[in-house]
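Please look over the model below. The report that follows takes it region by region.

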Amino acid sequence: MNDTSRREFLKVLGVAGAGAAAAACGPPDTGDKLIPYLIPPDDIVPGTGVSYATLLTGAGPEPLAVHAQVRDGRVIKLEGNPSTPTAGALTAMAHSALQDLYDPDRVPGPRQRTANGLAEATWEDGIAAAGAAVAGGATVLLTPPAIGSAARFYQEWASAVGATWVPWEPLGLEALRTAHEIAFGLDAVPTYQINSSDHIVCFGADFLGTWLAPVELSARFAASRLADHGAQARFTFVGPRLSLSGLKADEWIPARAGTETLVALAVAREVAARKAGGRAARVEAVLAPYTIEAVAEATDVPADKLQDLANQFAEARTPVAIPPGIATQGTAATDAHLAVVLLNYVSGAIGTTVTFDGETLRPHHVPFSAMTELARRMNAGEIQTLIVAGANPAYAMPASTGFAQALANVPNVISLSPHADETAAAAGWILPSHHELEAWGDGLLGRSHMALAQPVMQPVFDTRQREDILLQIAAAAGAADAFEVTDYRGYLENVWRELHARLGAGAPSFEDWWHQALSNGGVGLAVPDGRDVAPALTAAAANYSFQAPRPTDDFTLITYPTVQFYDGRGANRPWMQELPDTVTKAVWNAWVEIHPETAEPLGVETGDLLQVRTEAGSVTAPAYVYRGIRPDTIAVPLGQGHTEYGRTAAGRGVNALDLLDATPDERSGALAYSGGAATITATGSRGKLAIMQGSDIDLGREIAELMHIDDVPNAMEHEIDLTTLVEAAYDSDPQSPYRWGLTIDLNACTGCGACVTACYSENNLPVVGEDLCAQGREMSWMQIMRYYEETEEGFQALHFPTLCQQCGDAPCEPVCPVYAAYHTPEGLNAQIYNRCVGTRYCANNCPYKVRRFNWFASDFPYPLNLQLNPDVTVRSKGVMEKCTFCVQRINKAKLDAKDEGRLVADGEIQTACMQSCPTQAIVFGNLKDPASRVSRKAKGSRGYHMLDELNTRPAVTYLKGVTYAALPEGGHGQDDEAGSGHVNAVTDGNS
Ligand code: SF4
């Protein structure tokens with residue numbers, strides 16, 4: 001990969017960003033002819049997959065480089081690109097981009113609104129109509145934020161046709177940016193080097209799930225928690241609700257909503273008092289009012305807890321504070337971010353664990369307040385044409401802004417969405433664009449990688465590249481001369497030619513460089529190491545006047561994005577609907593989280609319907625009784641509605657955005673997702689809430705194990721005699737060189753669910769829907785249980801991935817009357833589908849409850865069926881199935897090794913779950929190889945087997961979670977209290 005100066009890239013792109021794309025790669029265009037492979041293309045071997053590197057930008061807060069596995073012209077699997085900053089990991093939502101691509105509800109071709117609804121139309125008519133509208137002036141182009149060639153293109157396009165380009169992201173970083181602008185005069189998003197921190201304090205951001213760069217930050221978080229090496233960072237979470245990230249904390253400080261600012265300032269004041277020097281003196285005045293005592297009262301956090309936190313933070317060698325994220329973003333969001341900046345500044349984190357590289361790393365976008373201004377202009381008749389490309393404001397702007405209604409006052413609304421979303425439903429024309437897996441593009445990844453996006457297959461529907469549509473509209477509007485090219489691919493290539501021209505003497509030819517970049521998924525960028533950059537604090541920050549929190553007698557409302565749907569944009573993906581929420585384990589529905597103390601006087605249990613009312617509106621959803629939320633706070637997830645996802649274009653639903661008013665954060669203009677006042681009323685009715693976990697505690701069976709940090713013996717080997725395990729005759733054939741095994745590190749697992757969705761994608765798992773989930777008939781081969789462990793001061797969550805344990809003495813095998821469940825020479829519990837007669841004896845005899853029975857025939861409506869992996873049988877009705885450690889991958893690696901006359905090397909096989917895990921919690925390999933990574937991990941001091949007393953001899957070894965929290969006597973804290981809140985969901989999953 002060519003290392004190129006990032007500064008050169010940014011110059012060429014003209015904006016903050018960079019880009020790439022290509023010419024000759026990608027599957028061949030066969031038009032609409034069926035052509036046999038008499039002379040196949042060089043890169044296609046029938047039955048063998050081809051991998052194309054590309055980029056996903058619509059799957060959460062961070063762009064993700066992927067390898068798209070293409071088989072016979074259709075992409076069947078996405079895997080992370082290991083040579084990029086995310087190191088091959090992916091999120092659950094990124095995996096589900098395939099279901100977005102193959103969504104049967106995509107707009108199949110151009111549509112025009114008529115008196116009778118949407119009617120089929122031609123591209124020619126659509127382009128002509130759009131061109132005429134744009135030529136009429138007063139045009140706005142609304143897109144997601146762009147970084148790379150697209151940013152330059154949109155600017156040039158808007159300039160060419162006399163339009164205004166509005167880049168917008170509903171879950172943007174306005175408050176974070178504004179705080180750093182105030183503090184340092186830097187319009188930049190910092191990098192949080194939490195991997196080198198010894199104390200992480202998070203003030204609300206869900207940085208492991210939905211904020212900033214969760215894949216990269218999860219990897220860094222795991223790297224900071226290497227308990228076996230004596231390097232476990234302490235993690236404290238401050239805020240009114242425990243999110244996915246909060247559940248990993250050693251300690252929870254449940255500050256009143258909106259008072260995180262005060263906690264940060266009080267801690268900063270204490271740290272400053274212990275540090276001599278310029279930084280402490282600089283902030284002395286601004287921090288003076290925030291004594292521990294004063295803040296304790298306002299935040300409802302005991303003074304001794306605040307003092308302890310301040311002491312720990314001050315004593316840490318490399319502390320880092322993570323700012324509030326979306327879930328705590330209120331009308332004083334910038335204040336909260338700035339308070340955390342001051343804490344990082346005074347503790348020395350700025351320049352060490354919080355770094356800048358001096359240039360903007362994230363694409364710019366307008367704040368929420370600019371969108372409300374746009375709605376005003378639309379209502380005032382100032383906008384004649386609105387082209388919406390890749391955004392969905394009719395859904396993502398709260399109802400209180402009236403944006404959806406304002407669309408009716410724009411004469412020409414043109415949607416370029418691939419989906420019939422809420423905005424498209426209000427458009428006069430829908431000119432559907434390609435899915436990003438069908439399109440060209442580029443973007444900056446982290447600090448050091450410029451990624452390319454290329455089409456990985458032919459378009460599924462009659463769609464066009466978004467930028468090509470804009471070029472054609474510009475031509476129809478009389479602005480064809482403004483562009484040298486007629487398609488975006490040509491535009492990208494030209495941009496990259498400019499980039500290549502800056503490489504200087506000795507560079508490879510453009511063609512070689514370009515194809516290498518396409519093959520690699522982009523190019524590396526030489527970036528200056530920003531660790532030493534410690535910007536000076538401005539006078540504005542040193543004299544800042546922080547707002548006082550606004551107390552309310554009502555409940556404080558939190559609305560938050562989820563790993564399944566983000567703000568709702570992933571709601572049309574069945575895998576995401578059926579992925580249990582990390583916190584609640586609920587599927588296919590929204591809920592209202594309330595504390596047990598709040599629920600009790602209302603007589604409310606999990607599943608009872610609650611009406612939540614704010615000044616902006618109301619929603620009704622099932623209650624979820626959750627001890628990880630303050631009693632004066634309630635929380636509703638974004639974008640997650642009953643069956644139809646809270647998305648009105650897809651039907652009815654619970655839309656948490658209906659509860660938000662239009663008052664933004666004063667400083668940054670960001671939407672206040674949190675902090676509003678709400679009332680709740682029990683409706684007296686029961687709702688429907690399928691929860692895929694029967695109990696929140698493991699009932700003393702020592703399934704999920706937690707140990708105190710002081711009890712981690714660094715060098716000791718644990719009690720599992722691995723030698724005996726792998727040599728026992730029944731575990732695997734003594735003649736076989738392999739006994740496949742897996743380790744799962746509970747200390748690393750964050751419960752993100754990426755592994756679960758990777759398994760769905762790799763192994764053709766069907767989605768069964770809410771009702772069957774409620775009956776415990778889900779088909780997931782892997783589940784992440786979330787157990788609570790009692791600590792002396794509260795509780796701690798442990799995420800516990802369960803899957804077939806590939807037992808050596810497998811209880812499932814001897815009870816099968818037809819030998820469908822059998823033991824392979826390599827120790828796997830295989831399942832022969834065409835032998836299975838469906839007695840389900842095996843499932844009944846499995847103590848781990850990881851076998852799944854096909855009660856019905858699977859349904860993969862076209863084009864979802866194009867995603868199916870041909871290496872894995874689609875199971876039929878009446879057949880039992882379960883995890884086999886991705887045996888198709890094992891077999892492929894063995895065949896490759898056999899061809900080369902060797903054994904499979906350690907690390908050569910990755911199961912789909914292991915490959916996706918951002919924290920590397922899962923390790924797969926050969927237990928018979930004592931040097932393999934899995935063997936070494938399994939023999940570590942934290943290893944244990946689930947239900948070891950049954951002597952099933954599992955091949956899965958769990959590594960205990962580690963905490964700084966004091967555990968009750970015996971070190972294994974469990975009692976009834978942790979689970980007493982809501983085990984009794986209306987409908988439980990099986991467990
Ligand atoms: S094991 Fe699964 S749930 Fe846990 S962190 Fe890894 S991918 Fe996420």
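## The β32 sheet

Strand β32 (residues 740-745) pairs with β39 in the antiparallel sense, over five bridges. Within this pairing, T743 stands opposite V923 of β39. The model is predicted.

Both strands belong to an open sheet of four, in the order β39-β32-β41-β40. The pairing in this sheet is mixed. Its edge strands are β39 (922-926) and β40 (943-944), each of which pairs on one side only.

## The ligand shell

Which residues surround the ligand? One run of the shell reads C749, T750, G751, C752, G753, A754 and C755. I784 is also part of the shell. C917, P918, T919 and I922 complete the list.

By class, the shell holds eight nonpolar and four polar residues. No charged residue takes part. The shell residue I922 also falls in the range of edge strand β39 (922-926).

## Strands β2, β3 and β4

Strand β3 (residues 64-71) is mostly covered, with seven of its eight residues buried. It has pairing partners in β2 and β4. Strand β2 (residues 50-56) joins β3 through seven bridges in the antiparallel sense. Here L56 stands opposite L64.

Strand β4 (residues 74-80) also pairs with β3 in the antiparallel sense, this time over six bridges. V66 has G80 of β4 as its bridge partner. The two strands β3 and β4 form a hairpin with two residues between them. In the turn, D72 has a positive phi of about 50°.

## Nonpolar cores

In soluble globular proteins, nonpolar side chains tend to be buried together. Here the largest nonpolar core has 146 residues. V75, L78, F800 and F885 have the most contacts inside this core. Helix α13 (residues 368-379) supplies the largest share, five residues. Another core lies apart from it and has 92 residues, among them L176, I182, A249 and W591.

What does L78 touch, leaving aside its neighbours within four places in sequence? Its contacts include L56, V66, H67 and A68. L90, A94, H95, A97 and L98 are also in contact with L78. So is L437. Two of these partners appear in the strand pairings above: L56 stands opposite L64, and V66 is the bridge partner of G80.

## Strand β13 and its parallel partners

Strand β13 (residues 234-238) is largely enclosed by the rest of the structure, because four of its five residues are buried. Strand β10 (residues 199-202) pairs with β13 in the parallel sense over four bridges. In this pair, I200 stands opposite F235.

Strand β14 (residues 251-253) is another parallel partner of β13, with three bridges. V238 has I253 of β14 as its bridge partner.

## Unusual backbone geometry

Most residues other than glycine have a negative phi, and most peptide bonds are trans. Three sites in loops depart from this pattern.

Two of them concern phi. K585 has a positive phi, near 65°. It is found in the loop between α21 (574-577) and β24 (586-587). Y819 also has a positive phi, of about 60°, although it is not a glycine. Its loop runs between β34 (795-802) and β35 (821-823).

Are K585 and Y819 buried or exposed? K585 counts as buried because its relative accessibility is 3%, and the cut-off is under 20%. Y819 counts as exposed because its relative accessibility is 60%, and that class begins over 50%.

The remaining site is a peptide bond. A cis bond joins Y862 and P863, with omega about 5°. P863 is found in the loop between β37 (852-853) and β38 (880-881).

## The protein overall

How many helices and strands does the protein have? There are 30 helices and 43 strands. Of its 991 residues, 62% count as buried. The accessible surface comes to about 34400 Å². Carbon and sulfur atoms account for 50% of that surface.

Contacts reach far along the sequence. Among those between residues at least 6 apart, 76% join residues at least 24 apart.

Methods
Residues are numbered from 1 along each chain as its sequence is written. This is a predicted model: local features need pLDDT of at least 70, side-chain atom pairs count only at pLDDT 80 or more; totals for chains, interfaces and linings use all residues. Side-chain values use heavy atoms; hydrogens and water are left out. Buried means under 20% relative accessible area, exposed over 50%, partly exposed in between (1.4 Å probe, protein chains only). Contact means heavy atoms within 4.5 Å. Accessible areas come from the Shrake-Rupley method with a 1.4 Å probe; for residues, only the protein chains shown count as cover. Two strands pair if DSSP finds at least two bridges between them. A residue is near a molecule or strand if one of its heavy atoms lies within 4 Å of it. Ala, Val, Leu, Ile, Met, Phe, Trp, Tyr, Cys and Pro count as nonpolar, Asp, Glu, Lys and Arg as charged, and the others, Gly among them, as polar. A nonpolar core is a set of buried Ala, Val, Leu, Ile, Met, Phe, Trp, Tyr and Cys residues joined through side-chain atoms within 4.5 Å.
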